[in-house]
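Thanks for sharing this one. Here are my notes, in the order I would go through them with you.

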Amino acid sequence: MLLEFIAKHQLNAMLVLSGICAVLAIFVLFIKTMSAHRKAILIIMDLSAGLLLVFDRYAYIFRGDVSELGFVMVRVSNFLVFFLTLLCILMFNEFLADLYSKDVKLGKAPVPLLVVKILAIIGMLLLAVSQFTGLYYTFDELNQYQRNPSTFWLCYLIPLLSLIIQFSVIIAYRKRIKRSVMLFLAIFTLVPLVASLIQFATRGISFTNIALATVVILLFLFTLIDVSNDAVKANNMEIEYLKKEQKDIQVLLEQTTEALATAIDVKDPYTHGHSTRVAEYSRKIAEQAGKSEEECDEIYLAAILHDVGKILVPTDIINKDGKLTQEEFEAIKMHPVHGNKILSRISKSPYLSIGAHYHHERYDGRGYPDGLKGEDIPEIARIIAVADAYDAMTSKRSYRDPIPQDKVREEFVKGIGTQFDPKFAKLMIHLIDLDAEYEMKEREEKTALSAKSKFECKEFGENISEGIQLTANLTKLGFRSVTDKNHLKKECIPSIIVFDALDGRVHEDEKVKEMLYFEYGKIRFDGETEVLGARKIEKKVIPHPGEKKNEKSLLDPAGIDYVLEAVKVRDHVLFRIKNKFETIEIIMALPDSVRYAYIGLTGEHCVMTNIFMEKAEEPVDDDYIPRIAEEISFIKDEPVGVVPNVQIDGWCYDASHGLSITDGMKMSFHAKSLPTARLIWHCPYIELFYADDKLVNGQNFHQFALVRLDGEAWDTHDGVESKTFINRDETFEGWDVWKENNRKGIDVTVTFKRNKNKITVITENFGISINSIVTIIDDVPDVYVALTGDQVAISNIRIVE
């Protein structure tokens, strides 16, 4: 049934396929990315396959036609069918030879392909001979084609043998070409091969010729796809090359600018690395502001060259230790102008000169050189101004050490809208808040301890490590200690000093007051303690089974391995000192929960090596340290309102119970900064939130807004649209007076307006008016208000009628 269908429609199929081959031959002419030789092969191949089907069709049409035309057409058509079949195989052979010699880079065609070429030529000669001898076929009196039963197989042998040899070559070199290419070439040889075997066993259907024409068409499509892929690959390579070239140019530009920045910085040993740090901080601010990567790169490069004009300022002025004269200060103030002149010649990067020219302008118009104000100052310069001021404050100078980061933060709060653009100053404050470990500063050379190398101590306290901050995440410090053989006394072992300081360092000079240095006590690694500022210390010694200790045990000349574990939970610190003889547990009660706790490693006539330090990723539980002293409370004797009083020892450490906000509701409370409070943001905060249990950080907690009484608030929050308006009137006497008033105590009233999920918070204190409008986008069951803050005691919380 199937064979009958094919036989009935094969002439139409031949016509369609021959037309496709002719069109493809024309298309080949327009492929510009293919070699002329390969083009010629494909054209001959497509034309041969098309003509093959045309003449095969004629052979069927004129079979049995005894007219003079039929006599000629039957003989010519059958001859050309056999001839063009061999020509197609020969052209495919040439295609393979070209592919292997050029694409596979063999240099010349494989020898088996030369054999195929010879076989094809022999086949053509035998075909010519058969026209006169009847070697392959003859025609009877009815002008019908008749196979020679004894020798007809010869006309199939050569094409089949050629295809088999070609297939063997494809298999032999399969690892040298792409898998997809190898599979297609194999299909080209196998399909006609199988079709020939089928046709040899049947008559009346041109399986071989139809199959051959089909694979020739597929070969064109394959070649077109391959050429297209090569073009895409070449295009991608060109794009990658251009990208690499652009990247190389960018790297060269960055290296050049960094080299130039280094040349600027070396003029003043106290500003070494300043330009690079300002560039890094500027990029961070730009990223926080949502700038694109390209914009961030431009801001980085502009920032790294912002001080290029200092090259033209006399070195003796830049390096002067004392106060500058007015004339010298005027010379310094010219460096933005000099920088603009130097960089304005780089016309393709105008942002470079802009950053250099305007980075000393102030938002209030009191800057230099042009006295620009507000958004008249180019944005890139407003960003660099913030980063420049931050690095200036956090870097060492000839006349001072780096300023502690919390004081730097306070300066930015004070400078919002005056020295700095409010938007970028707030972003800098946000970066400071994220920088819990104070990484954003001038990097000093590490001490031996932090470098985990040898740490040697002579007299006690002569060499003290940098401070290690203790938190609720357990810190582990380990090392081996060897006592000096000339000082074999019990005191000559490691010790730690437990303290607090703004810069996390032990001080014994005039900086004690400046850095708010406070010493809690000293602990020797044999368990001896000295109580200084701590309220209380308790000790417990746990001997290790099987180990006997005497007075000389810790002075072993081979050394003693120690491990110190330390953790702080609120106002208590736990130390565990472990050696091979015992574990010593020491609990220290600090004066309050507010202060930080650092340890500085020191000792007397001992050398510590193999130092390592680890910090746990998760904090310990609140009850991890047994309490040895009552918690200091500043609220227990204060009046209580509708919810319990709350003492907040650190930033949002605690909060009052939540109250549902209603339209027109007024809340009053009393607040007083703790004795340790010293910064602007050590004040009450108003927190809007939702939680199923009405508790901040409770079940299903969502924070919507945090409004501080100093006026600082963020205008964006996930799922919330908010805007805060701050006004300081003539009654505002400055931040120092404002902080002092908070230390004395303040009575506050807050008014709430509510329209569904739109909440307005209105309050005023000491000349600061706050109006914060918060719109909650998502539906929530309710909105609650709680009071929190930083280093503040809040009491007598009431709802005012």
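The points below start with the whole chain and then turn to one helix and one sheet.

1. A word on the basis: this is a predicted model, where local features need pLDDT of at least 70, side-chain atom pairs count only at pLDDT 80 or more, and totals for chains, interfaces and linings use all residues. Residues are numbered from 1 along each chain as its sequence is written, and side-chain values use heavy atoms, with hydrogens and water left out.

2. The protein has 18 helices and 26 strands (DSSP runs, H or I of at least four residues and E of at least two, numbered from the N terminus). Of its 801 residues, 48% count as buried (under 20% relative accessible area, with exposed over 50% and partly exposed in between; 1.4 Å probe, protein chains only).

3. Do look at helix α18, residues 735-744, whose buried residues are Trp735, Trp738, Lys739, Asn741 and Asn742. They share the same side of α18, because they cover an arc of only 160° around the axis (taken from the directions from the helix axis to the C-beta atoms). Asp736 and Lys744 are exposed on the other side. Gly745, with a positive phi near 120°, follows α18.

4. The open sheet of 7 strands runs β3-β14-β5-β10-β11-β12-β9 with antiparallel pairing (two strands pair if DSSP finds at least two bridges between them). β3 (455-457) and β9 (536-543) are at the edges with a single partner strand each, so one side of each has no neighbour in the sheet.

5. At the β3 edge, β3 pairs with β14 (residues 606-615) in the antiparallel sense over 3 bridges. Glu456 has Val607 in β14 as its bridge partner.
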